[in-house]
Amino acid sequence: MHPVVRGAGALGLAALLATATAACESGSGTGAATSGPSTDTATSRTATASATASTSAGLPPLPASLTGQQLDWQPCPAPSTAQGGDGSAPGAPWECATLKAPLDYGEPDGQTIDLALIRAVATGTGGQPRIGSLIYNFGGPGGSGVVTLPALSKDYADLNARYDLVSFDPRGVGNSATVRCLDDAATDASAAVDGTPDDQAETTALDAANTGYTAACEKNSGTVLPHVDTVSAARDLDLMRQVLGDAKLHYFGISYGTELGGVYAHQYPGNVGHLVMDGVVDPTKDPEQSALGQAKGFQLALENYMKACSAQAGPSCPTGQGGDDGTRRITDLLASLDSAPLPTDGPRVLTQDLAVTGIAAALYNQNSWNALSVGLQEAMQNRTGTTLLALADAYSGRDQQGHYSNQSAANRAISCADDRSRYTATDVQALLPTFRQASPVFGDFTAWGLTSCNGWPVQGSADLPEVSAPGSAPIVVIGNTGDPATPYEGAGAMARQLGAGVGVQVTLQGQGHGGYDSGNACLKQAVDQYLLADRVPAEGTTCT
């Protein structure tokens, strides 16, 4: 089954490839920097929840037992199964702690949950004063920040000079009030159900699988399901800010993390310090529009891959010269897998669904295009599916022992708690022609993923996220023209929704999901100057 993923970060692939996004050529910006918001000084470490700190509208204040809690930072253990990762502790300089937060912010004195945090203290390299904590969310929703930040930290070493690098497992994710649904064996069985049914029997089987998944989530996590929404996660961010001792929130959101950052800025505009959005979720699109945008985005990324493959490998490229012929080769492969899955070097087989997942996973990162070529060559010529299955497993959070992280369960729980729309099989069947036109490869899969929240026990909170942030400090919004998962247009939409003088758009003309970790020197410089030197990029800055 393929739930629609709002800005999925392909977090399993991040660990697999030890990098986050596409490797692109360096370039120079087209605009000069301008002065920006004031930087907190090292004294912000001692700041407590101030009397002037804004409170999310209509909520009672948090008790001092939460805002004044002292975190007990200790060496990090190996990640849990729910968190994923490679099973080894990150080691120095990483420290972990647990933050208590209300289960329900409407009852701040009631039941609490534990949120897992990780940090690397500012190194002080270069002798500049510490600015504060820089909190990361890497997307999903459903990705463990406790696992992902150490895996990608080399990309943020310059920022670590003046910031404590901090990340966390959002509520419902990893070790934070974990959403639990199916066990490993049942998850494998659910994944074997055809996610793009061709007849009534297959449609009935998909509906039954969705119903069983939902029932398992409600049975195992019913208490937490109503409280894993993005608005609550944004309130967690502000509690985190206070407990970490920062007068302002400094935040780096990637993929779904941009939606979380926008929701935070709307609730607490006066508490925004430096805020970066990279790989931006479009806050103006409902699930149907977002899914259609993803179908188009992945098709574009696939076409860009095929062009590069043809230029590099010539006739040996598995998709030939690309274009319509390359797309046909892939759709022919997928059609054959629908009835005859391929063997792998283990006991499992490569199904049509798993092949599409593996192909999509590789398109998140230009560094994985070679792996995609290997996987397609294996499947098309050798009739084996080992590499595409490995890519699919990395994306889905399945390790080599067959254990799943809770990434997919959390993704569904958070998405369904946020989105009010509910789509049935009948709805999807009406949409299929439009989705197939957008992408012959990915259209069916993104369309059928819309049914994932049908019958969910928690009503979605809104039609669209509210991200307008009048009065906020400037927020840097990065859009990558070749982004498959969060199409480039979303960055402009986010900047406009944040409001005039708040959202500042920066463009990367590149490939892959997101931009900062791409290796593009121009983009990195623009963001680093904003975070470290208080220089806001000029609106319209473009890096190539």
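**Exercise 1. Two helices in contact**

Which residues in H9 meet which residues in H12? Determine also how the two helices are oriented, using this predicted model.

*Solution.*
Step 1. From H9, the participants are Ala-301, Asn-304, Tyr-305, Ala-308, Cys-309 and Gln-312; they meet Trp-369, Asn-370, Leu-372, Ser-373 and Leu-376 of H12.
Step 2. H9 spans residues 287-313 and H12 spans residues 369-382; their axes come within 11 Å and cross at roughly 80°.
Step 3. Angles of 65 to 115 degrees count as roughly perpendicular, so H9 is roughly perpendicular to H12.
Step 4. By character, the residues of the contact of H9 with H12 comprise seven nonpolar, four polar and no charged.

**Exercise 2. The sheet**

State the strand order of the open sheet of 10 strands, and identify its edges.

*Solution.*
Step 1. The order reads E2-E3-E4-E6-E5-E7-E8-E11-E12-E14, and the pairing is mixed.
Step 2. Strands E2 (74-75) and E14 (541-543) are the edge strands, since each pairs on one side only.
Step 3. For one pair within the sheet, consider E3 (residues 95-102) and E4 (residues 112-120): they run antiparallel and are joined by eight bridges. Within this pair, Cys-96 has Ile-118 in E4 as its bridge partner.
Step 4. Helix H18 (residues 521-533) packs on the sheet and touches several strands, including E5 (132-137), E6 (163-168) and E7 (249-254); its direction makes about 165° with that of E8.

**Exercise 3. Helix H17**

Establish why helix H17 (residues 489-498) is described as largely enclosed by the rest of the structure.

*Solution.*
Step 1. The buried residues in H17 are Gly-490, Ala-491, Gly-492, Ala-493, Met-494, Ala-495 and Leu-498.
Step 2. Because seven of the 10 residues of H17 are buried, the helix is largely enclosed.
Step 3. The cover over these buried residues includes helix H8 (256-267) and strands E8 (272-278), E11 (475-482) and E12 (503-511).
Step 4. Just after H17, Gly-499 adopts a positive phi of about 120°.

**Exercise 4. The nonpolar cores**

Which residues touch the most other members of the largest nonpolar core?

*Solution.*
Step 1. This core has 93 residues, and Tyr-156 and Phe-252 touch the most other members.
Step 2. Helix H7 (residues 230-244) gives the most to this core, with seven residues.
Step 3. Leaving aside residues up to four places away in sequence, Tyr-156 touches Tyr-136, Phe-138, Leu-149, Leu-165, Phe-252, Ile-254, Tyr-516 and Asp-517.
Step 4. Another core, of 35 residues, lies apart from the largest one; among its members are Leu-354, Ala-360, Leu-372 and Ala-392.

Definitions and conventions. Residues are numbered from 1 along each chain as its sequence is written. This is a predicted model: local features need pLDDT of at least 70, side-chain atom pairs count only at pLDDT 80 or more; totals for chains, interfaces and linings use all residues. Side-chain values use heavy atoms; hydrogens and water are left out. Buried means under 20% relative accessible area, exposed over 50%, partly exposed in between (1.4 Å probe, protein chains only). Helices (H or I, at least four residues) and strands (E, at least two) are DSSP runs, numbered from the N terminus. Contact means heavy atoms within 4.5 Å. A nonpolar core is a set of buried Ala, Val, Leu, Ile, Met, Phe, Trp, Tyr and Cys residues joined through side-chain atoms within 4.5 Å. Axes are lines fitted to C-alpha atoms, for helices over the stretch in contact, and angles run from 0 to 180 degrees between N-to-C directions. Angles under 35 degrees count as roughly parallel, over 145 as roughly antiparallel, 65 to 115 as roughly perpendicular and the rest as oblique. Ala, Val, Leu, Ile, Met, Phe, Trp, Tyr, Cys and Pro count as nonpolar, Asp, Glu, Lys and Arg as charged, and the others, Gly among them, as polar. Two strands pair if DSSP finds at least two bridges between them.
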